[in-house]
Structure formats: structure tokens, C-alpha cells
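Student: Hi! Could you walk me through this one? I'd like to start with the overall picture and then look at some details.

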Amino acid sequence: MTQTSSIDPKVTSRPTRTSGRIARLLYRNEGLRGYLLMSPTLIILTVGVIIPFLILLVISFWTRAGVGFDTTPSLANYARVVNEPMFGILLGRSFWMSGIATVATIAICYPMAYFVAFHVHRNKMFWLILITLPFWISYLLRVFAWRVILGYEGVINSSLVWLGWIKAPLEFLLYSPTAVIITLTHAWAAFAILPLYVSLEKIDKSLLVAATDLGDGPVARFFRITLPLSMPGVIAASFLIFIPTTGDYITPALLGGPDGMMIGNLIQAQFGSINNWPMGATLSIILMLWIAAVALAFLYLTRLAQARIA
Amino acid sequence: MDVKDQLHAVREGKLSRRAFNTSLMAAGVGLLGTTLQTRRARAQSATSGTYFTYGGYDIPELFVPFKAKHGELPNLVPFANSDEAITRLRAGFVADVLHPCNGNLGRWVEMDLFQPIDTSRLSNWPDVIPELVDLKGNQAPDGKPWMAPFDWSQNSITYRTDLFDLEGKEESWDMLWDPRYSGRIGMMAAGGDSWWIGAIKAGVPFDQIDTDDAFERIAAVMREQRPLVRTYTDDYTSMEQALASGEVVAALSFNSSAVALKGQGVPVAFAKPKEGALTWVCGASILKDAPNLDRAYDIIDSLLSIESGKFMIEVYGYGHSNRRSFDQFDDATLAGLGLTKNPADLLLAGQFQGAASEDFQNRMNEVWEAIKAGF
């Protein structure tokens, strides 16, 4: 950058009237300064999220007409979602599957985060990197790796057959909702470990000492001190996993088989082979609304629970 | 330009906010410029002619004469199925030559995406098997075709001869509805293939496939089949692996899968169902707004060449539209691949997939996706 004219004292001391007014405005108005600072983010958010969302919203009120669209606003797509059971069932199944995956992920990751937070005293960073190491590989490759593990002649089945515990390979392992839940649980673990670790790490250790002094055993101490204080991490991790996995497309497509299909696959088909973009847009909007509703309900319940504990 | 220095300068008051903003803008314009540049670079390579085709056809082996003439390959862009191709073309993708099949030719023509082919510009045209050109829906104005046929073959059942017990019965499409092998049947995910099998099974003649009655009957047999199906996939590699491991004992497949598995020593056969296999013909069409028309004709001519035909027959086990390609092989080799020197016989023995309209495709896919999801 070679433009140095602004160093010239004349320019800085006697700005033109308009730029002076803007400078004064910026000086006085803290909010405006904040927005200016945030403007790159806001622009990206507007162009990348808000505008596409509005387009999606508008398209969802259109209907398909042959190759193109009938652009007269109509609620026909929303009526179909209400009237045809397929959409509701798939939506329910998606929530159910990603709900189980979320609970399983947190149940598996909590002990890991707990261990690193309380029992590792040196090289914590190294441990954290070690835990997140599998997530340096692309998501798609990890899903494919699970096919190898869960497959008909996969690692699990071959070992069980070799051990003589089963005669024929277990078929429910692959191409089933189970396969999708296992894979989602593993694939999103990193998103649970880090928030859980941060919230556990922040816990004031003297509180634990105090609880012990006052007669709490390790179990009571955990449920009265550690768990409630780490709830923010649990909530953050639940959101981070539940929201993206509900609309997941690639995992059920590759591992779900006929019965493991989720709402994301149907939305993809609407934009792909069925060629009904308005219906796909409607399903996306409804999925977003439902996720928002479930998330708010969850938040409300945890608040309620926390208030009772406190 | 050092970002750190700039921030420092702003803090020290040496650099005005405006100067800082200017440099930010410069960075933005620079970033934007890089994307434009790659775009331009892509546009340049597009003057070599773009062939928009199914995955697996985007290989240099099919463009030996083209390369000899132009010194470079055409721009090869793959898609997975015709629905994806349509979505991308709608979104503004520009190509010269497309790879339609007789099953979806109708929807392309209906959407007014093609221009008639001037066959006099194709040096290999006189050797093309006429039965492949004379398809329903392939007649453009002035006696020209919409599609120059290129590859053809049959879809049938690839099954494990050691695991699937025919019980002395004739091979038939009922094999894919055999309740003894519940959970061990494989089907293709694309309705463009599987739905037609349903039509054969339900006894619906192909020229009546778009009637309401046909929809009901085909949907009924597909629903009946669903509990038996292990997986619906268009990924032929997974299907071949499933067949090789015995996870799936019978699957709807292209004959290339059977050829590949036999090559690996897996005991499979490619069934000759008594109702007739599903015959498909694919070809090359020129898009209406093709920017490089001369190259487009050279791409098609290269696909129709004997060199390409030899490769298609030898490696993929597919038929080729150039009759002289078959002369490169002896009868035994062809028989091993399930082909003959007189391909017209084989073509007429199968059930010819007809041209279907866009409306039919959308409706069929809608029902098909619902059936696959279990409704």
C-alpha cells in the first residue's frame, strides 16, 4: 500500500465537510461504528443466508407447472405436507434418529471431555488434538469408512463370524437406521467434545473441594456440582449436533438403505429427480421451523431445570 | 501488502479510515478477480467443445480420432443421471454435445434443448446400424435425427449362480420378486431404469406406460418388492461388491457389472429373462445453443468411430452403433460378452425402452421416491 496522502497533516486537520460529518457521526454513534466493523460479516450473511432464505420462502409458495413454475402464490405445497402422511413420518423419523445420535454422542463424549478436563494436567492441547485427529479426514471418507466397518463382509461381521459368535453376518448393521445413527454419532463427536471440555474446564475446582469437605461422595458431587455447572456445554453440544444432523443427506443416502431414509433425502429428490423445486423449498422451510421449535422447547426445558436446581 | 502493518497504521492514525477502506476494497476486488479469471480460463478451454455425459464416458479412450484431429481432448464433464444433467443445464451450464438415452430423449426434445443432427457432416454415419436410429421420438424435422446412437445394451438381472436357486425354472424378472431371497435383492435407485422393470413385471406394454392404470399397477408391484430389497443404489461399484460378497444375490444391473464380476472370478450370470431384457440405446445430441458446432460434430464422429466402438465392446461389454466395430472381435468373444455379430437380433429380442415425456418422468419419480421411502 503506497497511498500515504492521508498522513499529510493538512488533509487530516481540515477534512471536507461531508467526510467531517461522517467522521463526527461515527464518533458519536457507537452502534454505527459497530455495524461498520461487522459489515463484512453482515454482507456475507445477507448475500449467503438471508437472500437465499427469502428466495426459498418465495419459491415455497409457487407450484410446479410442467417444466417451469406457476408463480401465483399458493399454499398447495404446505397443504400437501399436512395431508400426506409420508412427509410427517419422514420428518418424525429424522428427528428421532438425530435425537438418538445426539444423546449417544454426548454420552460418549462427556467422559472423554471429563477426563481431559480433570485428569490430564500436562499437554492438554496435545490430548485435544489427539481426540480431534479423526476429524481431519473428510466427512465423506469417514462415512465410507463406516461402510467398510459395518458392511456385510465388514470388520465387525468378519470378526464375529471368525470368533464363532454368529453364523451369518448381521444384516442390520448396514443399510439401516442403526448404521446412520452409529455414523452420525462418530462423525459429530468432535463438535461435542470441544464445548463439553470448555465448560468442564471452567468449573472452579474449589467448589468440588468444598462439596467433598461437606460430605458429598464422588457420585453426589458429580450430580450436584459438575453436571449442573457443565450444562451450558451440554446444551451447546446438543444444538451443534442435533440441528445439522436432522437435515443430513449423505449419511442416510450411503448407509441408510430403504428404511433409513431421512427428510434430507426427500428434499434432495424434490430438487433432483422429482423436479419439484417448490415442494423441496416447502419441505426445507418446514424442516427449519420444526428444528427451531424443537430447539426452543429444549432451551426452555433446560432453563426450567436449571432454575429448579438453583 | 501487509495486513498487520495496515492495522498498525490505522491505530497510529497514520492511515485514514478511507485509505484503509480503499485497501480493503482492493483486496475484495482482487478476490473477485481471481474467480473471474478462472472463469475466463474455463471459458477458453470450452472452445475445444464440451461433451456433457454420464460418468464413465468422460475418458480419453473415446476421443482418439478427435485428439488426432485437434491435438487436444474435448472438455469432458460428467453427470450421474439425466435429472442432474437437466438441473445443471437449467442452472446455466453450457455444453455442445449431450448424452441422452431413448428413455429420456422425449423430455429433452420437449424442453427444446436439442437441434437436429446434420448426418452428412459425420464421416462414420453410413456404418451406423439403422435400427438404432429409427427409434420412437427420434425424428426431427427434415428427416434428420435428434440423437445419433452411440452405445446400447440391455439391463437385466445379474445373479449369483451358486446362491440363487432357479429350481429348474426359466430365468425371468420374477427373480427380483422372489420372497425366498428377501433382503438380498438389489435394485437401481433411478426410476428411469427400475420403473420399466416394474412395467414388464406388471405386464404393462411400454406404449401405455403413462396411463393412470399403468401407474397404479406398476406402483403396486414396486411396493410389493420393496421389503425384499436390500438397497436401492445407482452406484454400480457398491452393487458389484454386494454381489461379490453374497450380501445381494440378484440385482438389476447393466451388463458391464456382470462382465466385471465374471472377470474377477465371481460365479454370476447375466439373466436372459423370458419376458425380454430391457434394451436401452443412448447416443449423442447437439444442444440447441452449442457454442462450438464444428467441434460438436467432431465429438460425435469420434464417438461413432471404430476405435471407440472397440473400446466400448471390449471394456464395458456394451454394444456400439457402428456395425464395423463388431468385426474387430471373433464370435466367441462376442458371445462371452452377451453380444452377437448381428446386433439387430439382440435389440429386437428385448423390450425397447420407449421415449417418455417430461410430465411422465416427474410423476413417475415422485411415486418412485415415495415407494422407496416406504409409502
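Tutor: Happy to: we'll go through the chains, some helix contacts and a few single residues. Keep in mind that this is a predicted model.

Student: Okay, what is the secondary structure of chain A?

Tutor: Chain A has 15 helices and two strands. Its radius of gyration is 26 Å, well over the 19 Å that the globule rule gives for 310 residues, so chain A is more spread out than a compact globule.

Student: What box do its C-alpha atoms fill?

Tutor: Taken along the principal axes, the C-alpha atoms of chain A fill a box of roughly 90 × 75 × 45 Å.

Student: And how much of chain A is buried?

Tutor: Of its 310 residues, 28% count as buried.

Student: How many helices and strands does chain B have?

Tutor: Chain B has 15 helices and 12 strands. Buried residues make up 46% of its 375 residues.

Student: What about contacts between residues far along the sequence?

Tutor: In chain A, take the contacts between residues at least 6 apart in sequence: 68% of them join residues at least 24 apart. For chain B, residues 24 or more positions apart account for 76% of the contacts with a separation of 6 or more.

Student: Back to chain A's helices. At what angle do α5(A) and α10(A) pack?

Tutor: Helix α5 (residues 85–119) of chain A packs against helix α10 (residues 189–201) of chain A at about 45°, and their axes are 8 Å apart. That angle makes α5(A) oblique to α10(A). The crossing is right-handed.

Student: Which residues make that contact?

Tutor: From α5(A), they include A:I106, A:C109, A:A113 and A:V116, while the α10(A) side includes A:A192, A:I193, A:L196 and A:L200. By class, the contact of α5(A) with α10(A) has 15 nonpolar, one polar and one charged residues.

Student: I see 106, 109, 113 and 116 there. Why would residues with that sort of spacing point the same way?

Tutor: An α-helix has 3.6 residues a turn, so residues three or four places apart point the same way.

Student: Neat! How does α5(A) pack with α12(A)?

Tutor: Helix α12 (residues 218–246) of chain A and α5(A) pack at an angle of about 145°, with their axes 9 Å apart. This crossing is right-handed. Among the residues that meet are A:S94, A:F95 and A:S98 in α5(A), and A:V234, A:A237 and A:S238 in α12(A). The contact of α5(A) with α12(A) divides into seven nonpolar, eight polar and no charged residues.

Student: Let's switch to chain B. Which residues of α12(B) are buried?

Tutor: In helix α12 (residues 306–316) of chain B, the buried residues are B:S308, B:G309, B:K310, B:M312 and B:I313. What covers them includes β5 (148–160), α11 (293–303) and β11 (319–320) of chain B.

Student: What follows α12(B)?

Tutor: B:G317 does, and its phi is positive, near 70°.

Student: Last topic: two alanines. Is A:A307 buried or exposed?

Tutor: A:A307 counts as exposed because it has 8 C-beta neighbours inside 10 Å. A:A307 sits in helix α15 (residues 277–309) of chain A.

Student: And B:A290, buried or exposed?

Tutor: B:A290 is buried, with 22 other C-beta atoms within 10 Å. B:A290 lies in the loop between β10 (278–287) and α11 of chain B.

Student: What does B:A290 touch?

Tutor: Not counting residues up to four places away in sequence, B:A290 touches B:D96 and B:A296.

Note on methods. Residues numbered from 1 in each chain as written. Chains lettered and ligands numbered in written order. Predicted model: local features only at pLDDT ≥ 70, side-chain atom pairs only at ≥ 80, totals over all residues. Helix = DSSP H or I, 4+ residues; strand = E, 2+ residues; numbered from the N terminus. Buried ≥ 20, exposed ≤ 12 C-beta atoms within 10 Å, placed from the backbone. Rg over C-alpha atoms; globule rule 2.2 N^0.38 Å. Contact = placed C-beta atoms within 7 Å. Axes fitted to C-alpha atoms, helices over the stretch in contact; angles between N-to-C directions. Parallel < 35°, antiparallel > 145°, perpendicular 65-115°, else oblique. Left-handed = near helix turned anticlockwise from the far one by under 90°. Nonpolar A, V, L, I, M, F, W, Y, C, P; charged D, E, K, R; others polar.
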